[in-house]
Amino acid sequence: MKTRTLGQGLVVSAEGLGCMGMSQSYGPADETESMATIHRALDLGLTFLDTADMYGPFVNEELVGRAIAGRRDQVVLATKFGNQRGPDGTFIGVNGHPDYVRSACEGSLTRLGVEVIDLYYQHRVDTTLAVEETWGAMSELVTAGKVRYLGISEAAPATIRRAHAVHPVTALQSEYSLFTRDPEDEILPTIRELGIGFVPYSPLGRGFLSGTITSPDQFGSGDFRRFSPRFQGENFGRNLAVVDKVKELAATLGVTASQLALAWVLAQGDDIVPIPGTKRRTYLEENLAALDVDLSTDDRAAIDAVAPQGVATGNRYPDEHMARVNV
């Protein structure tokens, strides 16, 4: 398995596994297959697992904890706090207050069944208080030995700089794919200046770039994509036309659309570690094969031609969610 280094020395597999979809957002859960997928990932040498307390809520961390029991030394474990949810799934709000940071960490440690979290992210920035307050509490977790490295998600450049001044930021996790290239403007230059790694989530555009989605009718009633502007109305047809071009290009290279999209993300820099999510072993193996796809300069130019920055139609989240990203 190829490896990459995030920030100040956190070595991980060059591709990680996003575990959110095993518990929410993308159809019914299948715990047996999800557990088998995590085990298969570890068997193949993937080390980087990504979860969060809000996924489920709470049950995704428990699932990951059960899956890695007895194999902790094979895993670089990332989880997150900040999107506070009640046991019934109700969204309470973004919370970055120090007391909550400490209690959230204790909850995650218990659910995951581990003594230390390798990478602990602030999932969303709490705009009701200074980010320095949140990061002061996060830094204390490192000093206490409960967390090894710190990260932040969907933060604006100025916020990243302020957090980094309190404690080194090892990784920024934000959405990045052929459909979401806005981090190229200011985010990537900022984190590269500061020596921060980049962990793109949804590198397959929430499955759109896999080329397997042809109609919104494929989504169940609880599927997040039913509420995502990119998957609605005329936006769907326009984005599908782009995906068709990606599929055609992938076919000329002898790879799948997913592998082409992931290879493109991987080719954007050795400081980038995408975490495509799946709950099925078949897709896991397909995604990992992207690590062996070498794109030439001409290949990358061809991809840029069919999927230039801003090509996707519609926001990636509904308006209320968009207000909480790049903050």
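**Entry 1: the β6/β7 hairpin**

I looked up the bridge partner of Asn 83 and found Val 94, in β7. The model I am reading is a predicted one. I then took the two strands as a pair: β6 covers residues 83-85, β7 covers residues 91-94, and they run antiparallel over 3 bridges. I noted that 5 residues separate the strands of this hairpin. In the turn I checked Gly 89, which has a positive phi of about 95°.

**Entry 2: the parallel sheet**

I next traced the open sheet and recorded 7 strands with parallel pairing, in the order β3-β4-β5-β8-β9-β10-β11. I identified the edge strands as β3 (17-18) and β11, since each of them pairs on one side only. As a reminder to myself, strands of a sheet pair through backbone hydrogen bonds, either parallel or antiparallel.

Within this sheet I examined β8 (residues 117-122) and β9 (residues 147-153), which pair in the parallel sense over 5 bridges. Opposite Tyr 120 I found Leu 150 of β9.

**Entry 3: nonpolar cores**

I looked up the largest nonpolar core and recorded 81 residues. Tyr 120 appears again here: together with Leu 17, Leu 49, Ile 152 and Leu 172 it has the most contacts inside this core. I asked which helix gives the most to the core; it is α8 (residues 257-266), with 8 residues.

I then listed the contacts of Leu 172, leaving aside its neighbours within four places in sequence. Among them are Ile 152, Ser 153, Glu 154 and Ala 155. The list also includes Ile 160, Ile 187 and Ile 191, as well as Ile 196, Gly 197, Phe 198 and Val 199. I recorded in addition a second, separate core of 17 residues, which includes Val 12, Tyr 121, Phe 224 and Val 273.

**Entry 4: aromatic pairs**

I found 8 aromatic pairs in the structure. I selected Phe 179 and Phe 208, whose ring centres are 5.8 Å apart. Their planes stand at 80°, so I entered the pair as edge-to-face; the cut-off for that class is over 60 degrees.

I placed both partners along the chain. Phe 179 is in the loop between β10 (171-175) and α6 (187-194), and Phe 208 is in the loop between β11 and α7. The two are 29 residues apart, and the pair links distant parts of the chain. I checked accessibility as well: Phe 179 is buried at a relative accessible area of 4%, and Phe 208 counts as buried at 0%. Both belong to one aromatic cluster, together with Phe 219, Phe 231 and Phe 236.

**Entry 5: Ser 228**

I located Ser 228 in the loop between β11 (197-201) and α7 (233-253). Is Ser 228 buried or exposed? I entered Ser 228 as buried because its relative accessible area is 1%, and the cut-off is under 20%. Setting aside neighbours within four places in sequence, I recorded contacts of Ser 228 with Asn 315 and Arg 316.

**Entry 6: cysteines**

I searched for disulfides and the count came to 0. For Cys 19, the nearest cysteine sulfur is that of Cys 105, at 18 Å. Therefore I entered Cys 19 as being in no disulfide, the cut-off being within 2.5 Å. Read from Cys 105, the nearest cysteine sulfur is that of Cys 19, and Cys 105 is likewise in no disulfide. I noted that Cys 19 is buried, with a relative accessible area of 1%. Cys 105 is buried too, at 0%.

Terms used
Residues are numbered from 1 along each chain as its sequence is written. This is a predicted model: local features need pLDDT of at least 70, side-chain atom pairs count only at pLDDT 80 or more; totals for chains, interfaces and linings use all residues. Side-chain values use heavy atoms; hydrogens and water are left out. Two strands pair if DSSP finds at least two bridges between them. Helices (H or I, at least four residues) and strands (E, at least two) are DSSP runs, numbered from the N terminus. Buried means under 20% relative accessible area, exposed over 50%, partly exposed in between (1.4 Å probe, protein chains only). Contact means heavy atoms within 4.5 Å. Rings of Phe, Tyr and Trp (its six-membered ring) pair if their centres lie within 6.5 Å; planes under 30 degrees apart count as stacked, over 60 as edge-to-face and the rest as tilted. A nonpolar core is a set of buried Ala, Val, Leu, Ile, Met, Phe, Trp, Tyr and Cys residues joined through side-chain atoms within 4.5 Å.
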